[in-house]
Amino acid sequence: MLTSNPATVDPIRRDTSSRRIGRFVRRHEEGVWRVSGRTASLLPVGALLFVVIVLAIKAWPAIKVNGFGFLTSTAWLPGNTYGGVEHVHGVMIPAGARYGAWPLIAGTLQTSAIAIIIALPISIGTAFALTERLPRWIAQPVGFFVEILAGIPSVLIGLWGVLVLGPFLAHDVYPIVANNVPNVPVLRYFAGSVGYGEGLLTSGLVLGLMIVPIIASTTRDLFLQVPPLPKEGAEALGMTDAEVARRVTIPWVRSGIIGATVLGLGRALGETIAVAMVSGSVLGAIAPNVYGTMTTIAATIVSQLDSAATDGTGFAVSTLAEAGLLLAVISIVVNLLARFIVGRSSRMSAPVGRS
Amino acid sequence: MEEVVRRDVDSNRIASLLTELDPDANRPANVIETNGLNLHFGPKAILNGVNMTFARGTITALIGPTGSGKSTFLRTINRMNDRVSGFRHEGDVLLDGQSIWAPSQDLLAIRRRVGMLFQRPNPFPMSIKDNVVAGVKAHGIAKGKQLDVVAEIRLREVGLWDAVKDRLNESPYRLSGGQQQLLCLARALAVGPEVLLLDEPTSALDPLSTESVENLMRTLTPALTLIVVTHNLGQARRVSDNTMFFYEGRLVEHGPTSQVFEHARETDTARYVNGLMG
């Protein structure tokens, strides 16, 4: 068009504030990226520090009173919350209050160990089947379901554990196992009273089920990235499928599988509500066998917070904060340990993008 | 001196002794034979009516433009195509006179007898030594201390020993491409194959590494029979005894290498070997 309406201002000339910002961003692009990038990268660090510091402050009175005994004692006595108080190391606590977290620590580590022992082989098997064995038209929907399973709220899995899985196991599975295990170390813990389906093994199984999708879907994606040439090389050498998987495919992505396992382990260590529902929630005692009722740090925090709030001295809440701090420390230590393992095992693995 | 030796030797006796000692004496002269071999991927015909014999202890070069079917042909011989979806075959491939698809044949045993070297080096994610003996371990041929001996023998055989003897327990991925390919060759040789299939074995290598692989190929015969797919016509001329020319899913021509290159019967062959057709 040759003629233009003089009433409208040339939109290109108009200097709106958004244009000014745009110009500023363009002119200082490098700097903007650098500053926003650094800020964003510091956020997770800051968030972690904030959580740990707040927990530590809240837990400080409990740390002073409970001392190192907190890690080894099995007592869980809220004391007389409506009666007199004592003063220990300058902290006011209900008379007779004694706390020890050893059963919670043991329960947390035991359930998570059971979960990993069960979930890891199932996950790798599932990933292997999805990528190498099943035809595409089955593998795709199955893979989709695995991912859906990862998104199911844990309270639903806990409910299913209490209503269906626990009773089934206690009625139809545990007795058979308990009556047939030989009396040797480790297996000895599978003998004895099987209870009602709420306890250590049921919790471990439920946790295992919850972390299978996490490990399996990550491992599947890892397997898909293994280039075909080394696998073909192993096949051409006369290796069976199992040998190809064991000697080439899995080692190729070993550090990734360890990473996925740590992710699952983190979930298992911290999982709260499902465990609170199927563990039996027994405080102050370590399960005598794998069927025994118990509890974990996370489950204790959620199940005890309500009653802890009735402690006028605040000591019970402080103790729960100390337990939370302990859980954070356990998670961090497990992560660091896994990093150490990855560092050692990736010595032989291929550089990224290599075929 | 020569005179004395010649007079004392009974040539018939030597011949009979050699026959006795020759592990291949009672085997068919042709280690591989294909009879009316047709290959398909789904509805697509890849290769039609290939009749060919591979004499024991020879090197055969498979040449032809991309998509001519030569690689598919090669990968059929150790049944690498079996699991490719849609793969079908008609006709037969005989290994020492027995069909490779016969129900009595053990696939893993076939692959032990027919080894393979690929277009690009494909070391496994394990140490250099473990790479060499990976197949040996899988087939239970040797174990424990014997594995060290096997590794040394095979690494010496491919001329890699001096370069890697001080880092046998290190990752193979720090070796150069040529060294990696030699390592893969050592790995393939370690299980003691009769036939070695080479799928463009030097296409990813520099000229010097290519030369060392080509020299090795010569030293591997006549103990082994080599079948090599190559796009490098110079390589085909340098190393092979026989050449097969594939074009558009057919075996157009085959014969002694010098004949195929210098006196081709078919115009397509002549055009290809003279660089007039890619």
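Two residues are in contact if their C-beta atoms, placed from the backbone, lie within 7 Å. The model used in these exercises is predicted, and local features are taken at pLDDT of at least 70, side-chain atom pairs at pLDDT 80 or more, while totals for chains, interfaces and linings use all residues. Residues are numbered from 1 along each chain as its sequence is written, and chains are lettered from A and ligands numbered from 1 in the order in which they are written.

**Exercise 1. Describe the overall build of chain B.**

Step 1: begin with the secondary structure, where helices (H or I, at least four residues) and strands (E, at least two) are DSSP runs, numbered from the N terminus. Chain B has 12 helices and 10 strands.

Step 2: turn to the dimensions. The radius of gyration of chain B, 20 Å, is close to the 19 Å that the globule rule gives for 278 residues, so chain B is as compact as a globular protein of that length; here the radius is taken over C-alpha atoms, and the rule is 2.2 Å times the number of residues to the power 0.38. The C-alpha trace of chain B spans about 55 × 50 × 45 Å along its principal axes.

Step 3: consider the packing. Of the contacts in chain B with a separation of 6 or more, 67% are between residues 24 or more positions apart. Buried residues make up 43% of the 278 residues in chain B, a residue being buried if 20 or more other C-beta atoms lie within 10 Å of its own, exposed if 12 or fewer, and partly exposed in between.

**Exercise 2. Work out how the two domains of chain A meet.**

Step 1: locate the domains, whose bounds come from an automatic or database domain assignment. Chain A is divided into domain 1 (52-100 + 315-336) and domain 2 (106-308).

Step 2: look at the contact between them, to which domain 1 of chain A gives 15 residues and domain 2 of chain A gives 17 residues. Helix α13 (residues 315-345) of chain A supplies the largest share of the domain 1 side, 11 residues.

Step 3: classify the residues of that domain 1 side, counting Ala, Val, Leu, Ile, Met, Phe, Trp, Tyr, Cys and Pro as nonpolar, Asp, Glu, Lys and Arg as charged, and the others, Gly among them, as polar. The result is 11 nonpolar, four polar and no charged.

**Exercise 3. Follow the largest nonpolar core and the contact between the chains.**

Step 1: a nonpolar core is a set of buried Ala, Val, Leu, Ile, Met, Phe, Trp, Tyr and Cys residues joined through C-beta atoms within 7 Å. The largest one has 147 residues, and I211(A), L62(B), A186(B), L197(B) and I227(B) are those with the most contacts inside it. Its largest share, 14 residues, comes from helix α7 (residues 200-225) of chain A.

Step 2: take I211(A) as an example. Leaving aside its neighbours within four places in sequence, I211(A) is in contact with A115(A), A119(A), G264(A), R267(A) and A268(A).

Step 3: move to the interface, where 23 residues of chain B are in contact with 23 residues of chain A. On the side of chain B, two or more residues come from each of α4 (107-113), β6 (114-117), α5 (128-138) and α8 (177-190), and the residues of this side divide into 12 nonpolar, seven polar and four charged.

Step 4: examine helix α9 (residues 241-252) of chain A, whose buried residues include V244(A), R247(A) and W252(A). The cover over the buried residues of α9(A) includes α10 (254-270) of chain A and also α5 of chain B.

**Exercise 4. Find the unusual backbone angles.**

Step 1: recall that most residues other than glycine have a negative phi, and most peptide bonds are trans.

Step 2: examine E248(B), which lies in the loop between β9 (242-247) and β10 (250-256) of chain B. These strands pair in the antiparallel sense over six bridges, where pairing requires that DSSP finds at least two bridges, and F246(B) stands opposite L251(B) in β10(B). In their hairpin, which has two residues between the strands, E248(B) takes a positive phi near 50 degrees; with 13 C-beta neighbours inside 10 Å, E248(B) counts as partly exposed.

Step 3: turn to V186(A), which has a positive phi of about 70 degrees although it is not a glycine. V186(A) is exposed, with 7 other C-beta atoms within 10 Å.

Step 4: finish with the peptide bond from T221(B) to P222(B), which is cis, with omega near 5 degrees. P222(B) lies in the loop between α9 (207-220) and β8 (225-229) of chain B.

How values were computed
Ala, Val, Leu, Ile, Met, Phe, Trp, Tyr, Cys and Pro count as nonpolar, Asp, Glu, Lys and Arg as charged, and the others, Gly among them, as polar.
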